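Grab a coffee and open the viewer. Here are a few exercises to work through, each with a solution that goes step by step.

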Amino acid sequence: MRDPSKARSLLLISLILMSSLALISNQTRLSTAHAIADVTIVTEDFSSVEGTQKRFDLTTEVYDAGTMGNSLVTVDEANGWLVFSGYNEENADSTKKDEPLAVLKAYQEPDGYPHYLKLPYNYTVTIDFSLPFGSKGHFYVLPRYGSVADKYEVVVDTDFNNLVFNVVVSGEWRELKISPLGFDVEEGKWYRVQVTVLWLTDPSTGDKVNRIAAMVTDLSNPLNTHSDEILDASIPPMAHNGLAILGFHPSEDFAVLADNLRVDAQMEKVGEEPDEALSPGDLDVEEM
Ligand SMILES: [Ca+2]
Ligand SMILES: [Ca+2]
């Protein structure tokens with residue numbers, strides 16, 4: 001004999017299932033119609049030396065000055081952190097510094113300038129940093145990176161608690177903006193830096209320009225957050241579009257930790273980006 005309550009619950013379950021499926025397919029249609037989703041194109045958690053070295057060039061642009069301390073970027077495998085360290089107390093008046101830059105490279109390629117990763121014109125990089133107790137150091141995200149002499153600098157200045165934007169073109173350094181954080185960067189705490197880099201038309205001039213927007217957030221107190229941005233066209237993305245990070249202090253012994261790197265980009269080509277020429281060899285298809 002049929003159990004009517006069982007039949008009713010079966011009917012109910014099927015109805016719920018059907019309506020959920022309809023909802024999911026509606027949402028899929030809506031999201032594809034109205035927004036191009038960001039895709040995560042790079043992540044690194046610094047849990048191993050080997051993994052980090054596949055992703056980062058930790059040798060080519062590590063500058064070591066003076067006789068004291070070695071400028072280094074190392075991986076702390078036990079904690080899963082990237083560690084920038086160096087010694088600049090003896091170099092206070094010099095322009096040569098301990099400056100251990102970590103440059104993103106094409107995955108698993110050897111170190112060296114020809115292998116630096118070229119990012120899309122528009123992207124967002126997210127990374128966390130911390131000052132170990134008793135240490136000094138500022139944290140740098142370096143978009144439109146070509147070399148140490150050609151780059152933007154988005155800096156969290158931990159001496160004066162400022163967000164600073166600079167640009168370096170052919171070795172000529174220029175300050176673009178100093179923006180007070182409104183809170184103190186404290187040792188032993190973690191901060192998240194998010195930098196969005198866009199190549200767009202400046203409505204006031206009609207010319208193409210970089211919009212570089214940065215947000216710094218205290219991960220232990222999200223009320224401590226600060227954002228600012230610049231417009232500048234000194235380094236267009238077709239000239240340089242690498243990405244590097246740095247922990248550094250110009251006149252002190254320093255140590256800075258970094259973790260949880262993520263780069264997100266919209267997988268839609270901007271008009272100016274060069275077209276890739278596909279050849280059959282690129283498709284990895286075995287010949288018949
Ligand atoms: Ca040194
Ligand atoms: Ca980690």
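**Exercise 1.** Is Val75 buried or exposed, and why?

*Solution.* A word on the ground rules comes first. This is a predicted model, where local features need pLDDT of at least 70, side-chain atom pairs count only at pLDDT 80 or more, and totals for chains, interfaces and linings use all residues. Residues are numbered from 1 along each chain as its sequence is written, while chains are lettered from A and ligands numbered from 1 in the order in which they are written.

Step 1: know the cut-offs. A residue is buried if 20 or more other C-beta atoms lie within 10 Å of its own, exposed if 12 or fewer, and partly exposed in between, with C-beta atoms placed from the backbone.

Step 2: apply them. Val75 is buried because 21 other C-beta atoms lie within 10 Å.

Step 3: place the residue. Val75 sits in strand E4, residues 72-76. (Helices are DSSP runs of H or I with at least four residues, strands are runs of E with at least two, and both are numbered from the N terminus.)

Step 4: list the company. Leaving out residues up to four places away in sequence, Val75 touches Phe46, Ser48, Val49, Thr52 and Leu82. Touching here means contact: C-beta atoms, placed from the backbone, within 7 Å. As for Leu58, it is 17 residues from Val75 in sequence and 9.9 Å away in space, C-alpha to C-alpha.

**Exercise 2.** Work out the strand order of the open sheet that contains seven strands, and find its edges.

*Solution.* Step 1: strands count as paired if DSSP finds at least two bridges between them. On that basis the order reads E2-E7-E16-E9-E10-E11-E12, with antiparallel pairing.

Step 2: the edges are E2 (56-57) and E12, each of which pairs on one side only.

Step 3: check one of the joins. E7 and E16 (residues 242-248) run antiparallel and share two bridges; across this pair, Ala102 faces Ile245 in E16.

**Exercise 3.** Trace the chain from E9 to E12, noting bridges and turns.

*Solution.* Step 1: E9 (residues 138-145) and E10 run antiparallel, joined by three bridges. Five residues link the two strands in a hairpin, and Val141 has Val154 of E10 as its bridge partner.

Step 2: E10 (residues 151-157) pairs with E11 (residues 162-169) over seven bridges, again in the antiparallel sense. Here Val154 stands opposite Phe165 in E11. So Val154 is a handy landmark. Six of the seven residues in E10 are buried.Step 3: four residues lie between E10 and E11 in their hairpin, and Asn161 in the turn has a positive phi of about 55°.

Step 4: E11 goes on to E12 (residues 172-180) in an antiparallel pairing with eight bridges, where Val168 stands opposite Trp173 in E12. This hairpin has two residues between the strands, and Ser170 takes a positive phi near 45°.

Step 5: a general point to keep in mind while you look. In a regular strand the side chains alternate between the two faces of the sheet.

**Exercise 4.** Where does Gln108 lie, and is this residue buried or exposed?

*Solution.* Step 1: look in the loop between E7 (102-104) and E8 (123-130), which is where Gln108 lies.

Step 2: check the backbone. Gln108 has a phi near 70°, a positive value in a residue other than glycine.

Step 3: count neighbours. Gln108 counts as exposed because it has 9 C-beta neighbours inside 10 Å. Now try Asn161 in the loop between E10 and E11: with 16 C-beta neighbours inside 10 Å, Asn161 counts as partly exposed.

**Exercise 5.** Which residues touch the most other members of the largest nonpolar core?

*Solution.* Step 1: define the core. A nonpolar core is a set of buried Ala, Val, Leu, Ile, Met, Phe, Trp, Tyr and Cys residues joined through C-beta atoms within 7 Å.

Step 2: read off the hubs. The largest core holds 55 residues, and Ala102, Val193 and Ala244 touch the most other members. Strand E17 (residues 253-266) gives the largest share of this core, six residues.

Step 3: zoom in on one hub. Not counting residues up to four places away in sequence, Val193 touches Ile127, Phe129, Phe139, Val141, Val156, Ala214 and Val216.

Step 4: zoom back out. The chain has two helices and 17 strands, and buried residues make up 31% of its 288 residues. Among contacts between residues at least 6 apart in sequence, 67% join residues at least 24 apart.

Methods
Contact = placed C-beta atoms within 7 Å.
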